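Here are some notes for a colleague who is meeting this structure for the first time. Please keep the sequence and the model open while reading the points below.

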Amino acid sequence: MRGTEDTVRVGLLGFGTVGSAVYRLLQDHGDLILRRAGFRLAVTKVAVAHPDKTRSLAIPRHLLVPDVWTVIADETVDVVVEVMGGIEPARRCVLRALELGKAVVTANKQLLATHGSELFAQAAASGADLAFEAAVGGVIPLIKPLRESLAADRIEAIEGILNGTTNYILTRMSQEGWTFEEALADARRQGFAEPDATEDIDGHDAAAKLAILASLAFGSRVTASQVYREGISTITPRDIAYAKELGYTP
């Protein structure tokens with residue numbers, strides 16, 4: 001459903017780091033998207049907590065509204081992009097948008113890994129699209145191949161590195177002999193780890209991604225709480241040394 005023949009109107013729920021990046025990309029690459037897809041993506045409403053706040057990325061004031069429900073209920077908004085993060089109220093927002101038959105795009109892995117069954121069921125009932133490619137391996141698309149290209153194949157296993165932060169930390173510990181604390185500090189300096197890296201180092205991020213992949217690959221509804229999870233914060237250089245002796249490191 002589109003407002004005009006060559007324009008798809010987008011409503012953003014949130015304008016933080018991810019939301020502002022989405023807005024900037026759609027602005028900068030608008031002509032390229034039009035040439036490749038045959039239509040333009042135009043951001044027409046953005047829900048923010050403080051519309052009058054000064055922002056590092058310039059955005060027309062008339063696009064900003066203080067209420068997510070205003071964006072979702074707007075009949076001119078064709079696609080709702082959830083970039084709020086967290087479980088609630090993101091779940092209720094996505095659910096309501098799907099109920100209204102609007103297409104929804106989200107990269108919220110925790111939301112999908114926890115309430116995916118409810119959201120997918122509503123999307124199917126409404127005939128609405130629920131797109132979430134960026135939730136797992138965004139730079140190496142996995143979701144579309146699993147849902148479409150490999151639909152007729154029997155997948156027996158999924159293997160891969162699901163979290164770049166922990167991969168970087170363990171690599172530095174293995175190659176440089178660093179402690180976990182030293183590797184984490186370096187990961188933060190290099191931009192691989194957030195100031196609060198709990199989601200990564202405790203395994204929550206990887207568990208959520210694995211739950212999504214397992215649900216798609218094996219035709220089952222797996223939640224993050226069903227995935228065995230163990231963090232890396234207690235790993236020591238001695239553990240790395242033992243792992244090397246046993247052939248468990250490159």
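1. This is a predicted model, and a convenient place to begin is strand S4, which is joined to strand S5 (residues 103–106) by 4 bridges, the two strands running parallel. Within this pairing, Val79 has Ala103 of S5 as its bridge partner.

2. On its other pairing, S4 is joined to strand S1 (residues 7–13), again by 4 bridges and again with the strands running parallel. Here Val80 of S4 stands opposite Gly11.

3. Which way do the residues of S4 point, and are they buried or exposed? In S4 (residues 79–82), Val79 and Val81 point one way while Val80 and Glu82 point the other way, and all of these residues, Glu82 included, are buried. In a regular strand, side chains alternate between the two faces of the sheet.

4. Turning to the helices, the axes of H5 (residues 109–126) and H10 (residues 204–218) come within 8 Å of each other and cross at roughly 50 degrees. Because of this angle, H5 is oblique to H10, and the crossing of the two helices is left-handed. On the H5 side the contact is made by Lys109, Gln110, Leu112 and Ala113, and on the H10 side by His204, Asp205, Ala208, Lys209, Ala211 and Ile212. By class, the residues of this contact between H5 and H10 divide into 5 nonpolar, 2 polar and 3 charged.

5. A second helix pair deserves its own point, namely H7 and H8 (residues 180–190), which pack at an angle of about 125 degrees with their axes 9 Å apart. That angle makes H7 oblique to H8, and the crossing of H7 and H8 is right-handed. The contact is made by Tyr168, Ile169, Arg172 and Met173 of H7 together with Phe180, Ala183, Leu184, Asp186, Ala187 and Gln190 of H8. The residues in this contact of H7 with H8 comprise 7 nonpolar, 1 polar and 2 charged.

6. Finally, how should one describe Thr166, as buried or exposed? Thr166 lies in helix H7 (residues 164–176), and its relative accessible area is 12%, so Thr166 counts as buried, the cut-off for that word being under 20%. What does Thr166 touch, once residues up to four places away in sequence are not counted? On that basis, Thr166 touches Asp200, Ile201 and Ile232.

Definitions and conventions: Residues numbered from 1 in each chain as written. Predicted model: local features only at pLDDT ≥ 70, side-chain atom pairs only at ≥ 80, totals over all residues. Heavy atoms only, no water. Axes fitted to C-alpha atoms, helices over the stretch in contact; angles between N-to-C directions. Parallel < 35°, antiparallel > 145°, perpendicular 65-115°, else oblique. Left-handed = near helix turned anticlockwise from the far one by under 90°. Contact = heavy atoms within 4.5 Å. Nonpolar A, V, L, I, M, F, W, Y, C, P; charged D, E, K, R; others polar. Buried < 20%, exposed > 50% of the residue type's maximum accessible area, 1.4 Å probe, protein only. Pairing = 2+ DSSP bridges.
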